[in-house]
Amino acid sequence: MLTSIHPLGERSRQNRWAVTVTAYVIGAVGAGAAVGAVLGWFGSLLPGGDWRWAAAVLAVGLAGLLDLVRATPPGIKRQVNEDWIGTYRGWVYGGGFGAQLGVGVSTFVVTWGTWATWVLSILSGGPAAGAIIGAVFGFGRSVFPLAAGWIDRPSRLVSFSRTLAAAAAPVARITAAGFIVVALAAGVGRVM
């Protein structure tokens, strides 16, 4: 569905891609930051201590392991509403889609990393740190439409879609392994 947010698609709808994708990024980063801030605030109510660091390392490592073995994370089974594309202006559906994806759990949850991000926001110990974690997550969710910025003709859309489909499994494995490496490095770094 999000393969529709590219210059070719936006031009066909008489929208400007730059406006739509800017609204998308703002929506994703803003929603991620807002959720992160709320979770960080809740986390500030928990007692402090080294347990936070250990729990954060465990959450990231466990997310990587669960993704590596392809355990399906819990979450609702819905996409963004593609009817918005034909109904609203680009900045409206761009911002709306971005916000839904920036929250992380209002659409399909395809990686345990989403839940690990929520745990990290809680363990951050405050709204500001949680907001930063959430904003970075939201920005990560906004990369796809940014990567589609070169699609200005149908042949490029076909090529992009094929490349994306072929890369899905390897990227998922690399990301899962990355979670594990980060957890191990953080754990070892803390001990030393």
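A cavity is a set of grid points where a 1.4 Å probe fits but cannot get out. In this predicted model, the structure holds one such cavity of 30 Å³ or more. The space in the largest cavity comes to about 40 Å³.

The lining of the largest cavity consists of G32, V35, G36, G102, V103, T117, W118, S121, G134 and F137. Four helices each supply at least two residues of this lining: helix 2, helix 5, helix 6 (112–123) and helix 7 (127–141). By type, the lining residues of the largest cavity are four nonpolar and six polar, with no charged residue. Glycine counts as polar in this division.

The largest pocket is an open space, and its volume is about 1500 Å³. It is lined by 37 residues, and V110, T111, R141, A168 and V171 are the closest to its centre. Helix 3 (51–68), helix 6, helix 7, helix 8 and helix 9 are the elements that give two or more residues to the lining of the largest pocket. Helix 9 contributes the most to that lining, with 10 residues. The lining of the largest pocket holds 23 nonpolar, 10 polar and four charged residues.

The nonpolar cores come next. Seven residues make up the largest nonpolar core: I5, Y24, V80, I85, Y93, F97 and L101. Helix 5 gives the most to this core, namely three residues. There is also a second, separate core of five residues, including L8, F144, A148 and F160.

Two members of the largest core, Y93 and F97, also appear among the aromatic contacts. The structure holds seven aromatic pairs. In the pair of Y93 and F97, the ring centres are 5.8 Å apart and the planes stand at 40 degrees, so the pair is tilted; the tilted class takes in angles that are neither under 30 nor over 60 degrees. Both residues of this pair lie in helix 5 (residues 90–103), four residues apart, which is about one turn of the helix. Y93 and F97 are both buried. Together with W84 and Y88, Y93 and F97 form one aromatic cluster.

A pair with another geometry is formed by W150 and F160, which are edge-to-face, with 6.1 Å from centre to centre and 80 degrees between the planes. W150 lies in the loop between helix 8 (143–147) and helix 9 (154–191), while F160 lies in helix 9, so the pair ties together parts that are 10 residues apart in sequence. The accessibility of the two partners can be stated for each. W150 has 37% relative accessibility and therefore counts as partly exposed. F160 has 10% relative accessibility and therefore counts as buried. F160 is also one of the residues of the second core.

The last residue to look at is T20, whose place is in helix 2 (residues 17–44). T20 counts as buried because its relative accessibility is 0%. Leaving aside residues up to four places away in sequence, T20 touches I5, E10, N15, G90, W91, Y93 and G94. Among these contacts, I5 and Y93 are also members of the largest nonpolar core. Y93 thus links several parts of this account: Y93 touches T20, pairs with F97 and belongs to the aromatic cluster with W84, Y88 and F97.

Methods:
Residues are numbered from 1 along each chain as its sequence is written. This is a predicted model: local features need pLDDT of at least 70, side-chain atom pairs count only at pLDDT 80 or more; totals for chains, interfaces and linings use all residues. Side-chain values use heavy atoms; hydrogens and water are left out. Rings of Phe, Tyr and Trp (its six-membered ring) pair if their centres lie within 6.5 Å; planes under 30 degrees apart count as stacked, over 60 as edge-to-face and the rest as tilted. Buried means under 20% relative accessible area, exposed over 50%, partly exposed in between (1.4 Å probe, protein chains only). Contact means heavy atoms within 4.5 Å. On a 1 Å grid over the protein atoms alone, a cavity is a set of points where a 1.4 Å probe fits but cannot get out, and a pocket is an open set with protein on both sides within 12 Å along at least five of seven lines; lining residues have an atom within 4 Å of a point. Grid points are joined across faces, edges and corners, and a volume is the space filled by probe spheres set on the points. A nonpolar core is a set of buried Ala, Val, Leu, Ile, Met, Phe, Trp, Tyr and Cys residues joined through side-chain atoms within 4.5 Å.
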